[in-house]
Amino acid sequence: MIKKKFSLSTTQIIMLSFLVVILAGSLLLSLPISTANRESVSYLDALFTATTATCVTGLVTLPTVTTWSIFGQVVILILIQIGGLGVITIMSALMILLHKRMGIGDKLLLQDAFNLNSLSGIVRFVKRVLWGTLLVEGVGALLYMTVFIPEFGCKGIWISVFTSISAFCNAGIDIIAEDSLCRYATNPLINIITCLLIILGGIGYIVWWDVTGLGKESSSKKHRRFRNLSLHSKIAIVTTLILVFGGAALIFLFEHRNPLTIGNMSLFDKLQVCFFQSVTTRTAGFATIAQQDMTNASSILCLLLMFIGGSPVGTAGGIKTVTIAVLAASALATIRDKQDVSLFNRNISKQAINKALAVTVMSFAIVFTSSILLSAVTDANVLDIFFETVSATATVGLTRDLTPHLNGAGKIVIIATMYLGRVGPISLALALNSRKKIQNI
């Protein structure tokens, strides 16, 4: 009898790698040394924290600033960095540092992890990702220090580093206060630094290199810089600008008279808070206003912004900007009775449209299923529940004050939702159905 060789697909390896990191992190966080009072937290809370950090979500059942010791905070920060870059990327970086040659299997893993179309130059791409990440996070930490060191002293250095990495990785976890960044709602410097880190992390590495490459163009081509960008970059940049500024304008419209949020602020402060809220819903999770105090109109708008999320090949979650742009273009082409779907005078392949549709349907299915399950085990209102599940699925981390009050069953539902949201709906489908089936139709 011939035994069938057991092997895992690259998608399954990526999913399992996240699971292993989460479990290892939960064990470390369940140790007494990880807590500020040296008393172990429940394993479920440790697992929840490890999941939200690795999945760069930001929903927390225990306040990070008061619950965890320096050791626990270091563990959380490492999980955030691993989750933001991806386990496979971190492993590849170690191989590069140790000057070990990467085999075809390693490169295929990286190709799937970054959703790239080619293996060409993939090692160079990883090196640029790592150096670019360290540079942006380092500059962000230095800028934060100008605010946090005067306020917290030497502790401000650690707070700055933690906040910079958390913001760039779109994690939304901080060690400043239990109400996130609400005390800095009207601080322009904190708003600008945090928004830039969130956008740079969420826009995607492919856009980084595409835009920076334009600086090498000859002077005769500089006036056509935007035209020279790839279709991916054009879609990501334009869609991001529309969502950020359009979202900020609508939030201002819905909140400018709300005394619980920005109603009593000056016009400038109202504008910066609305802009920050629009940016942070792109899966970052930091908050400068209490989400439960927003109007229903703003909350529903934030549901949409959270569901869309950031751009591909970045640290953000959601169905992605490119996905929603492709679906919108496809719908518009159908309405106009056009055979071809195009964006920026480029045809969109049928495969890309099908993938965008699959991602959206699978993500909606995760939200819908987790919402039903959460409704069955909690007595919260529907808006709070949908806000929680969309936030978990898109790895955002914003909550209408529901997360700290979840019971055991509710925590398990959100843990599963965060994990599924981070590894991706398509990855989940491929992992569960790795065998290719050929049908004659």
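Reader: Are Asp384 and Arg400 buried or exposed in this model?
Author: The model is a predicted one. Asp384 forms a salt bridge with Arg400, the closest N and O atoms being 2.5 Å apart. Asp384 belongs to helix 17 (residues 382-393) and Arg400 to the loop between helix 17 and helix 18, with their positions 16 residues apart in sequence. For Asp384 and Arg400 alike, the state is buried.

Reader: How many salt bridges does a search of the whole structure find?
Author: Side chains of opposite charge can pair when their charged atoms come close. Asp384 and Arg400 are one such pair, and Arg183 with Glu151 is another. The search of the whole structure gives a count of 3.

Reader: Which parts of the chain does the salt bridge between Asp45 and Lys411 tie together?
Author: The side chains of Asp45 and Lys411 meet at 2.8 Å, N to O. Asp45 lies in one helix and Lys411 in another, so the salt bridge joins parts 366 residues apart in sequence. The two parts are helix 2 (residues 43-54) and helix 18.

Reader: Why does Lys411 count as buried?
Author: Lys411 is found in helix 18 (residues 408-423). Beyond residues up to four places away in sequence, Lys411 touches Leu44, Asp45, Phe48, Thr61 and Leu406. Buried means under 20% relative accessible area. Lys411 counts as buried because its relative accessibility is 13%.

Reader: What is the relative accessibility of Arg183, which meets Glu151 in a salt bridge?
Author: The side chains of Arg183 and Glu151 are 3.2 Å apart, N to O. Arg183 sits in the loop between helix 8 (155-168) and helix 9, and Glu151 sits in helix 7 (residues 122-152), so the pair ties together parts 32 residues apart in sequence. Glu151 counts as partly exposed at 39%. Arg183 also counts as partly exposed, and its relative accessibility is 46%.

Reader: Which helix gives the most residues to the lining of the largest cavity?
Author: Rolling a probe the size of a water molecule over the atoms shows where empty space is left. The whole structure has 1 cavity of 30 Å³ or more, and about 80 Å³ of space lies in the largest cavity. Two elements, helix 9 (188-203) and helix 12 (231-255), give two or more residues to its lining. The largest contribution, 4 residues, is from helix 9.

Reader: Which residues is Ala325 in contact with, leaving aside neighbours within four places in sequence?
Author: Ala325 has its place in helix 15 (residues 321-335) and counts as buried at 12% relative accessibility. Ala236 is 89 residues away from Ala325 in sequence, and their C-alpha atoms are 8.5 Å apart. With those neighbours left aside, the contacts of Ala325 are Ile235, Thr239 and Leu343.

Reader: Which helix supplies the largest share of the nonpolar patch?
Author: Leu16, Leu19, Leu23, Leu27 and Tyr43 make a nonpolar surface patch of about 430 Å². Leu16 is partly exposed, with a relative accessible area of 39%. The largest share, 4 residues, comes from helix 1 (residues 10-29).

Reader: What percentage of the residues of the protein chain count as buried?
Author: The protein chain contains 19 helices and 2 strands. It exposes about 21100 Å², of which carbon and sulfur atoms supply 65%. Among the 441 residues of the protein chain, the buried share is 53%.

Methods:
Residues numbered from 1 in each chain as written. Predicted model: local features only at pLDDT ≥ 70, side-chain atom pairs only at ≥ 80, totals over all residues. Heavy atoms only, no water. Patch = residues over 30% accessible without salt bridge, like charges linked within 9 Å, V, L, I, M, F, W, Y side chains within 5 Å. Areas by Shrake-Rupley, 256 points an atom, 1.4 Å probe, with all protein chains shown as cover. Salt bridge = Lys/Arg side-chain N within 4 Å of Asp/Glu carboxyl O. Buried < 20%, exposed > 50% of the residue type's maximum accessible area, 1.4 Å probe, protein only. 1 Å grid on protein atoms, 1.4 Å probe; cavity = no way out; pocket = protein on both sides within 12 Å on 5 of 7 lines; lining within 4 Å. Points joined across faces, edges and corners; volume = space filled by probe spheres on them. Contact = heavy atoms within 4.5 Å.
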